[in-house]
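Colleague: I would like to learn how to read a model like this one, feature by feature. Can we go through it together?

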Amino acid sequence: MTPTATLPAPSSPAESAQAVPGPTPATLRPDTLLAHVGRCRSSTQGAVNPAVVRASTVLFDSVAAMRSAQQGYEGFRYGRYGTPTTRQLEQAYATLEGADGAVAVSSGFAAIVTALQAFVRPGDHILVSDGVYEPARRFCLTRLAEQGVEVEFFPPREGAAIARRLRPQTRLVYLEAPSSITFELHDVPAIVDAVRQGDGMRPAPTVLLLDNTWATSLFYRPLDLGVDVVVQAATKYVVGHADAMLGLVAARDTYFPALRRAAIDGGFSASPDDAYLGLRGLRTLSVRLERHQRNALAVASWLERRPEVERVLYPALPSHPDHAIWRRDFRGASGLFSVVLKPVTEERVVRFIDSLHLFGIGFCWGGYESLVSPEPVQAGRDPATLGLNGPLVRLHVGLEDPADLIADLEGALRHLAPAPAATVGGAV
Ligand SMILES: Cc1ncc(COP(=O)(O)O)c(C=O)c1O
């Protein structure tokens, strides 16, 4: 089914008879698409939302029908390859990313592994941004390296200078926007240009892969900038309510079949219930992201002025070193950023975090609620060379009233204040 077919048809034959040609995904604006993509009224008996089709076994009317379902990807033949619920999410996401196809898998990490395994083979060289999600970095250094892949890391701000690292065997360049924990941005158009200029010397063009979890396809459109494959930890903003694990990977036609094959070969299928939650999350993604952005800007700007804070690493702030790239390439920012504190003992940082009431202490992010976690920079990166002299704390700003969040932070920040000097001569 093409993405066009994911828009709902007119509701009755009478309406249909008079219908003028309807809108297509190409003519609709993102907010309208979010409300309509991936819905298929004919299969829901009129319900607004799709039914959740849970299945392992699928029954066929005949051997011919069974064989026909085995042709191509769309056919519904066995639960592990996806059910109609999964397909609706995949089509919706492909439309939103401007891709020709998407695959839903069991987690954001599975989406990254799917993309790497789809393209990388023994003997290849890959370039991986120093800022990628830590478990993915570990996967490259262990599993891929064991398979004979040469893994080279590069600093996220390298831009066009990445050209000097490209070799005839460079099969893939892996980016994340922005970097996990440290929030640097890549100059993606410059990297795309450098990679494309060298493609002629390689047996196959280098695949550009980007993790778009932070901004989502609403605020950042990597395929439009020349990236080939986009992954999304849909566990975060797409699901949006901290209650499902889900990953998505999307590409144009050239690369989509390999992605689909890798997801099937890896057995990474998404659960239909989680796919449903992903589809439902898409409907409110725009309003949630706008509010996350507004709240995060209020909290980040307030934190920036605090004496306990060295720097706030949030690309939407004018003080961020990559703010110009963010303004040029992004349509917005989400609710996640890091705060570099002035040098202080770890014990005080722990007390600061433990005394917050409205920020839950937890991994993950992208749900409606605020979160906090102490974050070391990725293994292998040197905080000193990154100019990070104090402890790093990551905040996810949720949908609460930012005035309440700021009041909570203000109360907890007193644990970071230097201890009062002992009074000479004893206290009165
Ligand atoms: C940027 C990024 N990509 C991918 C993932 C992995 O997603 P999941 O937890 O769904 O496996 C995460 C998880 O935190 C992430 O932050």
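Modeller: We will take sheets, helices and single residues in turn. Keep in mind that this is a predicted model.

Colleague: Start with the sheets. In what order do the 7 strands of the open sheet run?

Modeller: Read a sheet by its strand order, then by its pairing. Here the order is β1-β7-β6-β5-β4-β2-β3, and the pairing is mixed.

Colleague: Which strands stand at the edges, and why is one side of each left without a neighbour?

Modeller: The edges are β1 (101-105) and β3 (150-154). Each has a single partner strand, so one side has no neighbour in the sheet. From one strand to the next, the twist averages 20°.

Colleague: Take one pair inside that sheet. In which sense do β5 and β6 pair, parallel or antiparallel?

Modeller: Parallel. Strand β5 (residues 207-211) and strand β6 (residues 229-232) are joined over 3 bridges. For a register check, look at Asp-211: its bridge partner in β6 is Val-231.

Colleague: Which helices pack on the sheet?

Modeller: Take α4 and α5. Helix α4 touches β1, β6 and β7 (247-251). The direction of α4 makes about 130° with that of β1. Helix α5 (residues 108-119) touches β1, β4 (170-176), β5, β6 and β7. The direction of α5 makes about 160° with that of β6.

Colleague: Now the other sheet. How many strands does the open sheet with β8 and β10 have, and in what order?

Modeller: It has 5 strands, ordered β8-β9-β12-β11-β10, again with mixed pairing. Its edges are β8 (309-313) and β10 (360-361). Each has a single partner strand, so one side of each lacks a neighbour in the sheet. Inside, strand β11 (residues 371-374) and strand β12 (residues 392-396) run antiparallel, joined by 4 bridges. Val-372 stands opposite Leu-395 in β12.

Colleague: On to helix pairs. At what angle do α4 and α10 pack?

Modeller: For a helix pair, take angle, distance, handedness and then residues. Helix α4 (residues 84-97) and helix α10 (residues 272-283) pack at about 35°, and their axes are 8 Å apart. The crossing is left-handed.

Colleague: Which residues meet there?

Modeller: From α4 come Thr-85, Thr-86, Gln-88, Leu-89, Ala-92 and Leu-96. From α10 come Pro-272, Ala-275, Tyr-276, Gly-278, Leu-279 and Leu-282. By class, the contact holds 8 nonpolar residues, 4 polar and no charged.

Colleague: Why do residues three or four places apart point the same way in a helix?

Modeller: An α-helix has 3.6 residues a turn, so that spacing brings residues to the same side.

Colleague: Which residues of α9 are buried?

Modeller: In helix α9 (residues 256-266) they are Phe-256, Leu-259, Ala-262, Ala-263 and Ile-264. They pack against β1, α5, β6 and β7. Just after α9, Gly-267 has a positive phi of about 70°.

Colleague: Now single residues. Why does Thr-216 count as buried?

Modeller: Judge burial by relative accessible area. Thr-216 is at 1%, and buried means under 20%. Thr-216 lies in helix α8 (residues 216-219). Leaving out residues up to four places away in sequence, Thr-216 touches Gln-232, Tyr-237, Leu-285 and Leu-289.

Colleague: And the cysteines? How many disulfides does the structure hold?

Modeller: It holds 0. Cys-140 and Cys-364 still make a burial exercise. Cys-140 is buried, because its relative accessible area is 0%. Cys-364 counts as partly exposed, at 31%.

Key. Residues numbered from 1 in each chain as written. Predicted model: local features only at pLDDT ≥ 70, side-chain atom pairs only at ≥ 80, totals over all residues. Heavy atoms only, no water. Helix = DSSP H or I, 4+ residues; strand = E, 2+ residues; numbered from the N terminus. Buried < 20%, exposed > 50% of the residue type's maximum accessible area, 1.4 Å probe, protein only. Contact = heavy atoms within 4.5 Å. Axes fitted to C-alpha atoms, helices over the stretch in contact; angles between N-to-C directions. Left-handed = near helix turned anticlockwise from the far one by under 90°. Nonpolar A, V, L, I, M, F, W, Y, C, P; charged D, E, K, R; others polar. Disulfide = S-S within 2.5 Å. Pairing = 2+ DSSP bridges.
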